[in-house]
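Me: Please take a close look at one part of this model: the aromatic rings and what sits around them. Keep it brisk.

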Amino acid sequence: STQSTWGRMRQGASGAPDTLAAAEHQQASQASPGEELTDGLACMDKGRFKEALQHVSTALDLLIQDSTQIAKKTQVIQVVEYKEALTMLVKIKEMESEMNPGNGKELAYLTALLLHISLLPKHAVICQKMAIRRNIEAENWSVASRVIKELLPNAPPQFREDLEEKLLQCEDHGFSSSLPAAACGEKCIFCWETFALLRDKSEVVTEGSEEGNLHPALMCTYCPATFDGTLKAPQDTCPACKFGALE
């Protein structure tokens, strides 16, 4: 469980805090990073994404403040990815509340990007179902069909028929895309701040092509975050994990 995985990560368990601010934060909250993450995931399960984001952000702040935790790369990466996913889910929920029919394609786009964030299986499935619905609504059949094919092998019998019907619907439309190809593939690079599509800076691209028009990506050396290379500089500290360098 998340709690047992993080059970050893209580603040103040070893040594003095690095800074006075960390000590004050620790004294005020009395919560460990693991407890904050657990509370965040519980809020996420209930669809309270904004509240979940606050807990997960606090968990990340506590990890960053404690130099003994930065070595626990797996935990830091998990919190970084959940923070990004929840940031996107908050944006998606806000757009949905606007009830604006013109938001359909952007909702499809954001849910397609969300598929490229690593989450626990039960949360990944929620995002996959959201992506299927929003991409079918936006007639982005390529992404919808790809996600359906991922879900079908392990789908419970009561959901299999509905998924198969949706897959036939995608096939009837030729698995076509209404979004840029770079947003629809199994690999997708995007800026974790602006959500704009990016390209691998090491790849040779044709000038004037769709990919050639994308900005180059800078990637963190520590966590999976990527950023627009025209907005950040190489060797900048990663804004996501506050530890790695961008390159």
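Reply: Here is the ring region, followed by the strands beside it in the sequence.

The model is predicted, so local features need pLDDT of at least 70, side-chain atom pairs count only at pLDDT 80 or more, and totals for chains, interfaces and linings use all residues. Residues are numbered from 1 along each chain as its sequence is written, and side-chain values use heavy atoms, with hydrogens and water left out.

Start with the ring pair. Rings of Phe, Tyr and Trp (its six-membered ring) pair if their centres lie within 6.5 Å; planes under 30 degrees apart are stacked, over 60 edge-to-face, and the rest tilted. The count is 1 aromatic pair. Tyr 222 and Phe 243 make it, edge-to-face, with 4.7 Å between centres and 70 degrees between planes. The pair links distant parts of the chain, 21 residues apart. Tyr 222 lies in the loop between β2 (215-219) and β3 (226-228), and Phe 243 in the segment after β3. Helices (H or I, at least four residues) and strands (E, at least two) are DSSP runs, numbered from the N terminus.

Now burial. Buried means under 20% relative accessible area, exposed over 50%, and partly exposed in between (1.4 Å probe, protein chains only). Tyr 222 is buried at 10%. Phe 243 is partly exposed at 45%.

Next, charges over rings. The rule asks for NZ of Lys or CZ of Arg within 6 Å of the ring centre and within 35 degrees of the ring normal. Lys 73 lies over the face of Tyr 222, 5.3 Å from the ring centre. Lys 149 lies over the face of Phe 175, at 4.9 Å from the ring centre.

Phe 175 has a backbone feature too. Its phi is positive, about 55 degrees, although Phe 175 is not a glycine. Phe 175 is found in the loop between α9 (157-172) and β1. Its relative accessibility is 33%, so Phe 175 counts as partly exposed. Glu 139 also has a positive phi, near 60 degrees. Glu 139 sits in the loop between α7 (121-137) and α8 (141-151).

Last, the strands. Two strands pair if DSSP finds at least two bridges between them. The sheet is open, with 3 strands in the order β1-β2-β3 and mixed pairing. β1 (198-199) and β3 stand at the edges with a single partner strand each, so one side of each has no neighbour in the sheet. β1 and β2 pair in the parallel sense over 2 bridges. Leu 198 stands opposite His 215 in β2.
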